[in-house]
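Hello,

Here is the structure I promised to pass on, with my notes below it. Have a look at it first, then read on at your leisure.

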Amino acid sequence: MNSITEIIGLAVQTFKSHRMRSFLTTLGIIIGVTTVIAILSLIEGLNQSVASQIRSIGSDLIFVTKYSMVRMGPPNFEDIAKRPDLTPDDALALKQLSSVVTAVPTIEQNFTKLKYKDKEVAMTSIEGSTEDFSKVHNYIVEIGRDLNADDILHKRNVGIIGSYVAKNLFSDELPIGKDLNIGAHRIKIIGVYKEKGSFLGQSMDNLITIPYPFYEKIFPTRKRTSIYERAFGGYTISVMPKSGKVEEAMDEIRELMRRRHSLRLDQPDDFELGTQQMLFEIYQNITRVGFVAIIAIAAISLIVGGIGIMNIMLVSVAERTREIGIRKAVGASNQNILLQFITESVVLSLVGGVIGIILGILLAWLISAVSPLKAAVAPWMIILGFGFSSAVGIFFGIYPARKAASLNPIEALRYE
Amino acid sequence: MLCRAIDIHKKYSLGKVEIEALRGVSLEIVENEYLSIMGPSGSGKSTLMHILGCLDTPTKGEYFLEDKKVSDYTDAELARIRNISIGFVFQSFNLLTRLSALENVALPLLYAQVNKKERIERAKEILSKVGLAERMYHRPNELSGGECQRVAIARALVNRPKIVFADEPTGNLDTKTGKEIMELFDRLHAEGNTIVLVTHDQNIANHAKRVIKIIDGRIANGL
C-alpha cells in the first residue's frame, strides 16, 4: 500500500459517509478520555496545592515523634506506648544543636470545645507549646502579642487563638483580654493569628495555642492512661534546621535522642524522625488508591468504547463484504485489507481520543472556574490520552480487520 | 503459453450437498487470444474463470500461468498476480460506489504501489481511451450502465494486464449498449489485449475468435 496518509484519507472518507454512526461509535472513547483527562488534571491540581500547603505548614521542618508518620497499615499500639515520651527538655536539648535554629515541643488535643459566654466552638485543637510555635508553624500574630518565654516559665493561663475561633466566638468584639473556657479552666486571650487556610481539607485556623506547662495542668499526663493516649498523646517536637542543613540536622537529632534515651548501638531507635517530604508521601499513598480506582474506571470505559468500535467495525466489514471482494479482485492483498480496517478503527478511536482530550481539558477548566478545586493539565496526560485511544483502536480493530482480510474473494464478490 | 489448465476439478460443498462444478477441464490460452467460454448457467464457466483468474484454486488438477504453477503461490503472491497480470470485468460492474470513476480506475494502481500523480495520469489516459474522459469525476450512481461497464473495463486494463476476463459483461445492459461494449472489447483485442469472455449468449461468444463450450463442468467442444 502507499503512504500512510493515503490510507488515513481513505478511512476518513469512509467515516464521512457515515457521520452519525461514526460519531456515536467514538462517543464511548470520547467520554472515557474526557473523564480521564478531567480527573487526572484535577488530581494533578490537587497534588500541586497539597504540595504548596505542606510547604505552608512550615519550611523544612523535622518532626520528632514517638510513632511513625508514614506507617502504612495498623500501628502496633503496645510497642509505641512502651517507648519513652518525648519531653520539653528534649526540645531544649535539641535546640542547642549546631544545625538547628529552634526546636518546639507541642502537645495537642484535638476536638475540644471552647466556650465564651453563651457561644462555643467545637473541634478546636489545643496546642500546648512554646514561644517558638508560631515561628515554626508559619503562624503570624495579627492582633495582640505572641507567647513569650515568661508565659512558659510562669505557666500563665494565656492563649493565642486562630482566626476561625476569633470569628466564631467574638464576632464583633475584640478578643484580646477576654477569658474563654476549656472545661472548667479559664484562658486569657492575648493574641489572634492571621488566617492560614486549610490543609487537606482541615482548617488550620481552628486552634488555640497555650504554654505547654499550662496545658499539662488542664490535661495532666497521669490522666493519659489508655494505650492509645500513651502511644499518641504525648509531645512531638518540631525542629527547624538551619537552611540547607536538613540532612545534617537529622543525623544530629538522631544521635542526641539516642544518647538521651541511653540506647546501645545494637538497639533500634525508639523515636521517629519525619519530614514534610514524608508528609507528602503519606498524602500520595492515600491518593494512590483513588488514582488506581480512576485508572480502573477509565480502563472500563475505554473497554466499553473499544467494544463499541469493534461492534461497528464488524458491521462495517459485513456491509462492505462486496467492497472487500472487489478490492481483492483488483489486487489488494490480505495485508492491504487488514491495514485498511485497522487504520479505520485507529482513526475512529484517535478522533475520539482527540475530542476527549479537548473536552477533558475544557471540563477541568470549567470545574476549576466554578469550584474551589484547581486543575492542572500536564503534557503526559495528553500523551496518555493519545496512547490509550490508539491502543484501543488497534486492540479492538484487529479482530474485525482479520475477519475482513480473510474473506474469500469469490464469496465476497457474490455477497449481496 | 499464457495459461495452461490441466484436468481441473472443482468441488463445492453447499451445506451437506456437494457440487462438482468442474469435472476435468483442460485448456490453453495463448497471448493475444480472443476466447469465449460459453455455457448455460450452472455449467461451471464462472468457476473456471475464477480459477483461471487466480481468484480461486482448483480442488484437483494443475494450472500454470505464464508457465508457473499457480498452486505454488502464496496468498500475497496471488494478490499481486491479480493486480498486475489479470483484469476482471463483471456482469454487475463491481465498482466502489463511494469512489469516482477516476478513483475506481486508479484502484489497482494503488495496490501496485504506483504514486498518486502517475495513478491519476494513467487512469485518465485509460478512461479517455474507453470514451469516458468527460465523466471521470462522476460516481457510479451518476453513470449509466454502459458507462459503468466502461469504467470497469478501464479498471481492468489500467495496470496493463496479460489477460482480461469478462464475466457476462453485457448481462446488465440493454442490447444497444451491450453492442457498444462488445465493440470496445473487439477494439481492445485488436490493440493486442488477451481477452476471455464468459457468457451464455451465442451472439456475444461469436465476437471471440475461439469458443469453448462448457456443459456440466466439462468442455463440450474445442480444445
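**Two helices in chain B, and what lies around them**

In chain B, helices H5(B) and H6(B) cross in a right-handed sense. Please keep in mind that this is a predicted model. H5 covers residues 145–157 and H6 covers residues 175–190, and the two pack at an angle of about 20° with their axes 9 Å apart. H5(B) and H6(B) are therefore roughly parallel to each other. If you want to find the contact on screen, look on the H5(B) side for Gly145(B), Gly146(B), Gln149(B), Arg150(B) and Ile153(B), which meet Thr177(B), Glu180(B), Ile181(B) and Leu184(B) of H6(B). Sorted by class, this contact has 3 nonpolar, 4 polar and 2 charged residues.

**The buried helix**

H3(B) is worth a look too. It spans residues 101–111, and 11 of its 11 residues are buried, so the rest of the structure largely encloses it. Among these buried residues are Glu103(B) and Asn104(B), along with Leu107(B), Pro108(B) and Tyr111(B). What do the buried residues of H3(B) pack against? Their partners are H2 (75–84), H4 (116–129) and H5 of chain B, together with H13 of chain A. Just after H3(B) comes Gln113(B), with a positive phi of about 65°.

**Strands of chain B**

Chain B has an open sheet of 4 strands in the order S2-S1-S4-S5, with antiparallel pairing. S2 (17–29) and S5 (68–69) stand at its edges with a single partner strand each, so one side of each has no neighbour in the sheet. Further in, S1 (residues 3–14) and S4 (residues 60–65) are joined in the antiparallel sense over 5 bridges. A handy pair to click on is Ala5(B) and Tyr63(B) in S4(B), which stand opposite one another. Helix H1 (residues 45–52) of chain B lies across S1, S2 and S4, and runs at about 120° to S1(B).

Elsewhere in chain B, S6 pairs with S7 (residues 163–167): these two strands run parallel and are joined by 4 bridges. Gly87(B) has Val164(B) in S7(B) as its bridge partner. In a regular strand, side chains alternate between the two faces of the sheet. Along S6(B) (residues 86–89), Ile86(B) and Phe88(B) point one way while Gly87(B) and Val89(B) point the other way, and all are buried.

**Where the chains meet**

How many residues of each chain are in contact with the other? The count is 17 residues of chain A and 20 residues of chain B. On the chain A side, the elements giving two or more residues are H12 (321–329), H13 (334–370) and H15 (409–414). The largest share comes from H12(A), with 4 residues. By class, the chain A side divides into 7 nonpolar, 8 polar and 2 charged residues.

One last residue, from chain A: Gln335(A) lies in H13. Is Gln335(A) buried or exposed? With 13 C-beta neighbours inside 10 Å, Gln335(A) counts as partly exposed. Its C-alpha atom is separated by 9.5 Å from that of Ala401(A), and the two residues are 66 apart along the chain.

Happy browsing, and all the best!

Definitions and conventions. Residues numbered from 1 in each chain as written. Chains lettered and ligands numbered in written order. Predicted model: local features only at pLDDT ≥ 70, side-chain atom pairs only at ≥ 80, totals over all residues. Axes fitted to C-alpha atoms, helices over the stretch in contact; angles between N-to-C directions. Parallel < 35°, antiparallel > 145°, perpendicular 65-115°, else oblique. Left-handed = near helix turned anticlockwise from the far one by under 90°. Contact = placed C-beta atoms within 7 Å. Nonpolar A, V, L, I, M, F, W, Y, C, P; charged D, E, K, R; others polar. Pairing = 2+ DSSP bridges. Buried ≥ 20, exposed ≤ 12 C-beta atoms within 10 Å, placed from the backbone.
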